[in-house]
Amino acid sequence: MNKYCYSKEELALIENNPFPFVIYQYLDSKMVTVAVSGGFLEMFGFKDRQEAFDKIDNEMYMNTHSDDIARIADSAYRFAANGEEYKVHFRIKIKGQYRNVKAIGKHINKPGGYSLAMVTYTDEGPAENSAEKGSKQEIRHYVITNFNKALNEGWIKVYYQAIVRASNGRVCEEEALSRWIDPDRGIIMPDEFIPVLEESGLVYKLDLYVTDLIIRKLKDQEEAGLYVVPQTLNLSRTDFYSCDIVEEIRRRMDEAGIEHSKLTIEITESVIGKDVDFMTEQIERFQALGFKIWMDDYGSGYSSPELLQKIHFDTIKFDMQYIRHINESDANRIILTELIKMAVALNIDAVVEGVETKEQAEFLKEIGCAKLQGYYYVKPIPMEEIIERYRKGIQIGFENPKESDYYSIIGKVNLYDLTFTEDDDNENLLNNYFNTIPMAIMEMNETDHWIVRANPSYKEFFSRNFDIRSSSESKIESIDEFLGGRKRVFIKALKQCALDGKRVILDERSPDGEVAHILIRRVAVNLVTNVVAFVVMILGVEGVKNKENFSYNYIAQTLSSDYMSLYYVDLDTDNFVEYSSGVSYDDLSIERHGRNFFEHIKNEGIVNIYSEDIDEFTSSFTKEKILDALNKNGVYTLTTRIVEKGEPIYIHLKAVRIKTKGNEIIIGISNIDAQKKQQESFERIKEEQITYSRIAALSGNYVVIFTINPYTSEYTTYTHKERKIKSGLPLSGYHFLDNFKIACKVMVHPEDLDRVIDELNMENIKKQIEQTGIFSTIYREMRGGEAKYVMLRVALVDEKDGKKLLFGIMDINEQIRREQEAASKLTAARNEANLDALTGVKNKHAYIDVEAQIDSLIEQGEPQEFAIVVMDINGLKMVNDTKGHQAGDEYIRQGCNIICKIFRHSPVYRVGGDEFAVFAQGSDYNNIDKLMDLLNESNIKNKDTGEVVIAGGMARYRNERCVADVFSKADANMYQNKRLLKL
């Protein structure tokens with residue numbers, strides 16, 4: 001939609017109105033000024049209407065008190081984007097003094113679908129100012145003030161932390177981390193300076209600075225003869241709004257001649273935020289250019305698998321909280337294992353950060369975590385130390401990039417996952433495994449074979465049977481020892497599997513006569529070294545004398561060791577064998593042989609089923625339903641309860657087919673009571689976390705919290721014992737809002753009272769909660785005769801007894817006061833982008849913005865009168881060549897001063913090294929010929945005295961197509977004048 005234009009008659013009425021107001025339009029996610037009243041110009045001290053337009057559109061909050069910027073900006077956004085009410089008080093500096101101003105906005109709908117907003121302003125007198133600062137605020141000030149200096153002087157260093165490939169122990173990536181090492185303050189921590197840069201919109205400068213240093217490192221590393229592995233760069237949400245970060249990074253990589261695959265982009269879920277569509281587009285742009293994208297800190301907040309359905313990430317980096325707690329319970333290990341499985345199933349690599357011990361590293365390798373990061377391997381170090389570690393021979397070592405695919409494949413093998421026993425085209429792999437079958441990764445070259453890693457079941461199996469105490473990594477010869485050197489069949493099977501890639505199941509007999517049932521499957525081939533990797537599994541061991549021992553051992557190795565009972569059932573004959581487990585891993589005994597298994601179940605039952613579950617159990621546990629589930633899914637499962645010692649406990653039944661001849665199944669019954677109750681506990685904890693997180697969102701430096709039943713209006717008050725409030729509001733009762741509004745008359749500052757009363761209606765509160773998840777408003781509360789800023793926040797939470805509204809009042813008085821100078825510095829930092837550092841006038845970037853505004857007016861058919869003056873400082877090259885560039889800079893400043901004095905009512909722009917431009921409007925436009933005469937007079941005088949001479953050309957707008965055409969005419973006139981000045 002285009003910018004709205006008033007008729008000339010309407011615009012004249014607005015501009016001549018003595019009442020202060022502005023008409024805005026919300027266009028392309030930005031507030032655009034449409035019209036300004038004469039009263040507004042007078043109230044805020046603007047010289048002319050163009051100056052007012054410039055300030056409002058480009059520097060809206062320049063003179064606003066820094067304590068108030070965030071609050072009124074938020075209110076303005078909600079007013080513009082969501083149609084909410086706009087009533088704010090703020091302080092703004094007018095003619096050197098802060099004044100209290102009240103602003104009230106209302107929406108105006110115009111024909112053609114145009115939506116405008118009229119904001120009126122009232123001057124309510126002088127405002128007090130507080131200069132109180134806190135230590136955090138001082139750091140904010142220091143960071144904003146010294147950021148550019150820190151970049152220019154190299155105070156900000158980049159440290160690199162290795163990310164290690166689990167399958168080879170080599171560095172496969174490095175994460176680039178910023179460190180601010182200040183000459184005066186020492187180390188400023190990243191969690192201190194990065195949030196400040198994010199809030200101020202300056203973090204993109206940091207991230208592009210880090211990108212440049214990464215590029216330099218990649219080149220230095222290659223020159224040093226080291227393998228070059230990808231570097232990961234963390235990006236902030238504001239990077240994507242401050243500049244075209246995708247294009248900026250692409251350009252830098254291309255100019256350096258470095259492959260895009262050598263730089264990986266890390267973003268957190270919070271970076272994506274609510275603008276999923278926009279961020280998805282940016283991520284896909286990166287990926288289309290060959291950059292890989294990682295999701296960082298998965299699990300640090302409210303990470304949702306739903307996001308993984310919308311955006312394909314190349315890698316998920318799991319937050320260190322997962323690894324910190326794996327030794328606390330089996331549940332924590334299971335959760336992390338399943339998350340890794342989820343990533344692998346989505347064809348996403350997994351990285352776990354925060355690895356600090358060998359035990360943690362071993363566990364992560366076993367469950368198929370591809371990459372590991374943490375102090376167990378190395379802390380973040382600068383490039384110089386990386387080179388030094390190589391010199392001393394204590395480096396971890398970089399991975400050969402040509403071997404990355406090989407090690408990536410074997411690193412993802414989960415040693416608890418029996419999918420590697422199945423054919424590749426089986427779609428139900430995950431339904432057919434038990435987690436304790438002995439499994440190992442083996443490698444083989446032309447002369448040797450060795451074990452790379454093994455799961456605890458594999459290690460325990462050989463340790464128990466052969467007294468092997470060291471069965472972890474590096475050339476384990478366990479199978480060889482078991483075979484007693486008679487391993488020709490095994491070696492032949494390995495070689496055949498290496499050639500054709502087909503899985504092999506073979507029987508090998510030991511010197512004692514026992515037969516090992518071994519499965520071999522090729523998983524990867526290293527094209528650099530020709531090493532082949534296999535999964536090797538021990539399916540079972542059959543003794544010589546006891547024929548039924550095979551069934552026992554097969555079951556013992558295939559099912560987990562904590563089964564209460566196991567049944568071997570021949571579905572063709574319904575004959576069965578019942579086993580029960582003892583205490584030790586391999587202590588299974590045959591309880592009975594029987595016939596008519598399913599009749600046996602009906603008459604005697606497997607176990608003592610809990611009375612409430614009997615009907616469901618008997619209807620679900622039938623031969624027909626078991627066969628149907630096995631045919632469809634490859635597995636049959638049922639959870640029910642039995643009675644043990646008078647108490648109901650949860651059990652889990654699982655049936656799978658035996659991969660042998662015939663129609664035989666194994667049914668296992670396991671006690672899952674602890675897991676089930678733990679799951680219920682997790683659910684309760686989850687509910688409590690939701691409730692407490694909402695309360696925490698409200699509380700902060702709280703004064704009081706109310707819980708309200710939204711249906712009955714019954715409420716209860718919670719307040720700190722040292723912070724009793726004197727409002728006359730009963731601590732509990734009904735009709736909360738009515739009582740609270742009465743209390744507001746005592747608590748709320750008179751100037752805020754009407755607004756607060758208006759906002760506090762249930763319909764408005766519910767509407768905001770539905771839209772944003774929370775209702776909030778800021779007002780001043782009277783305490784001891786003083787006005788203190790507080791924030792009222794309202795959230796809707798689910799509790800076991802139904803939904804509740806939580807009203808929380810937070811003391812934010814100190815917070816608001818401490819933001820003053822930081823926001824002021826922020827405004828100065830933002831203004832810096834439009835100013836020329838040498839002369840102090842506006843730069844070419846500012847000129848382009850004004851050019852675009854005037855072009856827009858021309859396109860709409862309502863251009864304003866203007867002229868462009870183009871000027872060039874004569875003789876600059878001679879000054880630079882004869883006296884040096886410092887003298888040249890002073891020469892430019894002198895010329896700029898002459899221009900500013902002549903065109904004192906118009907904005908001056910430095911658009912080139914010695915070239916300046918002026919947009920002349922208003923009085924300067926009317927007197928443009930006189931001003932050009934003044935410039936000519938100055939040149940005549942200065943030419944005689946040897947001072948600065950400025951060639952100038954002017955052109956008025958005469959219905960040209962765009963501003964650039966007017967500029968070209970002025971530029972041609974300037975060159976004509978330049979030739980005359982040389983005569």
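Author: Before any residue is called buried, the term needs a limit: a residue counts as buried when its relative accessible area is under 20%, as exposed when this value is over 50%, and as partly exposed in between. The model discussed here is predicted, and in helix H17 (residues 404-411) the residues that meet the limit for buried are Ser-404, Tyr-406, Tyr-407, Ser-408, Ile-410 and Gly-411.

Reader: Why is helix H17 called largely enclosed by the rest of the structure?

Author: Six of the eight residues of H17 are buried, and the helix is therefore described as largely enclosed by the rest of the structure.

Reader: How much of the whole protein counts as buried?

Author: The protein has 983 residues, and 51% of them count as buried. Its secondary structure comes to 36 helices and 35 strands, while the area that the protein exposes is about 48700 Å², with carbon and sulfur atoms supplying 48% of it.

Reader: Why is strand S13 described as largely enclosed?

Author: S13 covers residues 349-353, and five of its five residues are buried, so the strand is largely enclosed by the rest of the structure. Asp-349, Val-351 and Glu-353 point one way from S13, whereas Ala-350 and Val-352 point the other way, and all are buried.

Reader: What makes S12 and S13 a pair of strands?

Author: Two strands pair if at least two bridges are found between them, and strand S12 (residues 315-318) is joined to S13 by four bridges in the parallel sense, so the condition is met. In one of these positions, Phe-318 has Val-352 of S13 as its bridge partner.

Reader: How many bridges join S13 to S14?

Author: Three bridges join S13 to strand S14 (residues 371-373), and these strands run parallel. Val-352 stands opposite Leu-372 in S14, and Val-352 is also the bridge partner of Phe-318.

Reader: What makes a β-α-β unit out of S13 and S14, and what is its hand?

Author: Helix H15 (residues 358-366) joins S13 and S14 in a β-α-β unit, and the unit is right-handed. The word applies because, with the strands pointing away from the viewer, the path from the first strand over the helix to the second runs clockwise.

Reader: Which strands pair with S9?

Author: Strand S9 (residues 231-234) pairs with S7 in the parallel sense over two bridges, and S9 also pairs with strand S10 (residues 263-268) in the parallel sense, over four bridges. Glu-174 has Gln-231 of S9 as its bridge partner, and Thr-232 has Thr-264 of S10.

Reader: Why is Ile-181 called partly exposed?

Author: Ile-181, which is found in strand S7 (residues 171-182), has 32% relative accessibility and therefore counts as partly exposed, since this category lies between 20% and 50%.

Reader: What makes Ile-181 part of a patch?

Author: A residue of a patch must have over 30% relative accessible area, and the 32% of Ile-181 passes that limit. Together with Ile-187 and Met-189, Ile-181 forms a nonpolar patch on the surface, with about 270 Å² of accessible area together.

Reader: How do you know whether Asn-880 is buried or exposed?

Author: Asn-880 has 18% relative accessibility and therefore counts as buried, since the limit is under 20%. Asn-880 is found in helix H32 (residues 876-883), and, leaving aside its neighbours within four places in sequence, Asn-880 is in contact with His-885 and Gly-888.

Reader: What makes the backbone of Asp-297 worth a remark?

Author: Asp-297 has a positive phi of about 55° although it is not a glycine, and this residue is found in strand S11 (residues 292-298). With a relative accessible area of 24%, Asp-297 is partly exposed.

Reader: Where does Ser-713 lie, and what is its phi?

Author: Ser-713 lies in the loop between strand S26 (702-708) and strand S27 (715-719), and its phi is positive, about 65°, although Ser-713 is not a glycine. Its relative accessible area is 26%, and Ser-713 is therefore partly exposed.

Reader: Why is Gly-840 called partly exposed?

Author: The relative accessible area of Gly-840 is 48%, and this value is not over 50%, so the word exposed does not apply. Gly-840 lies in the loop between helix H30 (820-832) and helix H31 (844-859).

Conventions
Residues numbered from 1 in each chain as written. Predicted model: local features only at pLDDT ≥ 70, side-chain atom pairs only at ≥ 80, totals over all residues. Heavy atoms only, no water. Patch = residues over 30% accessible without salt bridge, like charges linked within 9 Å, V, L, I, M, F, W, Y side chains within 5 Å. Areas by Shrake-Rupley, 256 points an atom, 1.4 Å probe, with all protein chains shown as cover. Salt bridge = Lys/Arg side-chain N within 4 Å of Asp/Glu carboxyl O. Buried < 20%, exposed > 50% of the residue type's maximum accessible area, 1.4 Å probe, protein only. Contact = heavy atoms within 4.5 Å.
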